[in-house]
Amino acid sequence: MTKLEKNICKFTKIFSVNSERESFSSTFGIIVATAGSAIGLGNIWRFPYVTGENGGGAFLLIYLLFVFGIGVPVMLSEMIIGRKAGANALGAFKKLVPGSLWWLIGLMGVVAAFIILAFYSTVAGWTLHYVSLSLSGNLFADDYAAQFENFKNSNISPVIWHIVFMILTCAIVIAGVKKGIEKYTKILMPLLVLFIILICVRSITLPGASKGLSFLFSPDFSKLSGNSILAALGQAFFSLSIGMGTIITYASYIRKKENLLKISSSVAVADFLVAILAGIMIFPAVFAFNYEPASGPGLVFITLPRIFEQIPAGEIFAVIFFLLLTIAALTSSISVLEVVVAFFIEELKIKRRSATISAGIAITILGLFCTLSWSNLKNIYINVGSSTEMGETKQMFFFDMMEFTAANVLLPLGGLLIVIFVGWILKKNSAVNELSSEGTITSKFFNALFFIIKFIAPVAIAFVFLNGIGLIGDW
Ligand code: PHE
C-alpha cells in the first residue's frame, strides 16, 4: 500500500460506518445530510459571482422568489418520489410507473451529475490550492486578480488539485460513509457559518463598504434580462441540489413518519441564509477594494484574500476557512457522485467499489477539460453577449459551457419533468398521502402545495426557461 492509499484509508476510517441502505435515524440527521448536500460551493463561490454578473439586488429578489416558490415544491416532489419508491433516481421512476419512459428523467440526472461534478471538482481544487497557499504563507500578494489568473491559467497545479479532490470524493463514496459524515457536518458547517459571519463583520466595516450592501439589497429591475432570470432559476436549483435526483436518492432513506414539508423548508431556509451571508461577505469588500462585481468565477478567490489581509492572524483564519469550505464542497460532491454510483450499483449491477472508481475516473477526465479550459483548451470557446452593463462580449470556455448546460438547462428541465410527474402522473391522492405521511401529518398548505406542483411550477419553469434561452420574446 502506498502512503497515499494509507492516508485515504485513514481518512475514510474516521468517517467509517456501514454502507447498508438504511433510514436516517432522526429528523435532524436528515436535515443535516440534505443541507450538507445543498450548502457548498454553490452558496459561497457561485451565488456571489452569479449575483455580481446579473446586477445584484433585483436578481437576489427573483432568486428568493424562486427558492421558495419553485425550489421548495420541486424539492418536495423529489422527496415524494424518493420516499415512495425507496430507490435510486432512475429506479424510482421504474418502480412507480413500470414500463414507461419516465426513467429517462433519472438518466438525465445521471448525465447532469457527470457534468456538475466535472466543473465542481475544478472549483473545489481551486479551494484546495488556496488552503495550500495559506498554509505555506503565500496567500498575501500585491495583486490577487493576477495571483488567481496565473494559477487558473496554468496547466499543472489546478489539475493536481482537481484530481486530489476527486480522490477524496471517491474515497468517501466507496466507504459509503455519508451517515458518518453527518456527525462531523453538524459541527463543521455551523463553524463555517460562524467564520462567514466574522468575515462579514470585517467586510461591512471596510471604508466604502456600504456601496456593496446597496448593490446587493437595492433592486434595480432594469438590470434583469430573460437571461438573468433563467440564471436565478438555475442558481436556485443548483444551490438546493434539485432537478437531478440527489434529493430523490436521499429521500429514499427517509422514514415514513417524517415531515417532508418541514425538512424541505428548513433546508431551503438554511441554504438561502448561507447564500445571503456569502453575499454580505463578498460585495462590501468588492466595492471597498474597487473590484468589478461581474468578475466571474474568480470573484471570491480574489476578494477573500484581501479581506483576510485585514484580519488579525488572517492567514491562519484563511487556512481554517478554506478547509471548512473544502469540507462543505465534499459533503456536496459526494451527493452528486452518489447519484451516479447508486445508478451503477442498482441498475447496472456493479459493485460499489468498481462503480465509484469507474465513475470517478470518467468524471475526473471530463473535469480535466474544465480545469484546462483556460490553458491547453483556451481555443475552445464561444463568444456571448455579456450581461455586464457595458454590453461587451465575453468568452464562454469549456468550463463555462459545462456550468451553463448543467445549471441553466439540465436542472431546470429535470425540475420541470419532476413536477409534471408528481402533479400529473402520480396524482393528488398519492402525492398528498406521501406528503402527509399517510394522513398522520396535517397541514393547510398541502392543497396549495399540490396546486403549485401541478400548475404553477411547471408553467413558471417552462416560461423562464424558454424566455431565458430566447425562444419566447423578451418582456
Ligand atoms: N448544491 C450544491 C452546492 O450548492 C451543489 C450540488 C448541485 C449538489 C446539484 C448536488 C446536486 O454546492
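1. The chain holds 19 helices and 2 strands. Its radius of gyration is 21 Å, close to the 23 Å expected from the globule rule for 475 residues, so the chain is as compact as a globular protein of that length. Along the principal axes, the C-alpha atoms occupy a box of roughly 60 × 60 × 40 Å. Note that this is a predicted model.

2. The ligand takes up the space of the largest cavity. Five helices each contribute at least two residues to the shell around the ligand: α2 (27-38), α3 (41-53), α6 (103-135), α11 (226-240) and α15 (314-346).

3. The shell has 16 residues, of which A38, G42, Y120, F238 and S241 come nearest to the ligand. Sorted by class, the shell has 9 polar and 7 nonpolar residues. No charged residues are found in the shell.

4. Polar contacts to the ligand involve side chains and backbone. In the side chain of Y120, an N or O atom lies 2.5 Å from a ligand oxygen; Y120 is also among the residues that come nearest to the ligand. For the side chain of N43, the corresponding distance from an N or O atom to a ligand oxygen is 3.4 Å. At S239 the partner is a polar backbone atom, 3.1 Å from a nitrogen atom of the ligand.

5. How much of the ligand's accessible area does the protein cover? On its own the ligand has 320 Å² of accessible area, and the protein covers 100% of that area.

Technical notes:
Residues numbered from 1 in each chain as written. Predicted model: local features only at pLDDT ≥ 70, side-chain atom pairs only at ≥ 80, totals over all residues. Heavy atoms only, no water. Near = heavy atom within 4 Å. Polar contact = N/O pair within 3.5 Å; in protein donor to acceptor, adjacent residues only side chain to side chain. Areas by Shrake-Rupley, 256 points an atom, 1.4 Å probe, with all protein chains shown as cover. 1 Å grid on protein atoms, 1.4 Å probe; cavity = no way out; pocket = protein on both sides within 12 Å on 5 of 7 lines; lining within 4 Å. Sits in = over half its atoms within 2 Å of the grid points. Helix = DSSP H or I, 4+ residues; strand = E, 2+ residues; numbered from the N terminus. Nonpolar A, V, L, I, M, F, W, Y, C, P; charged D, E, K, R; others polar. Rg over C-alpha atoms; globule rule 2.2 N^0.38 Å.
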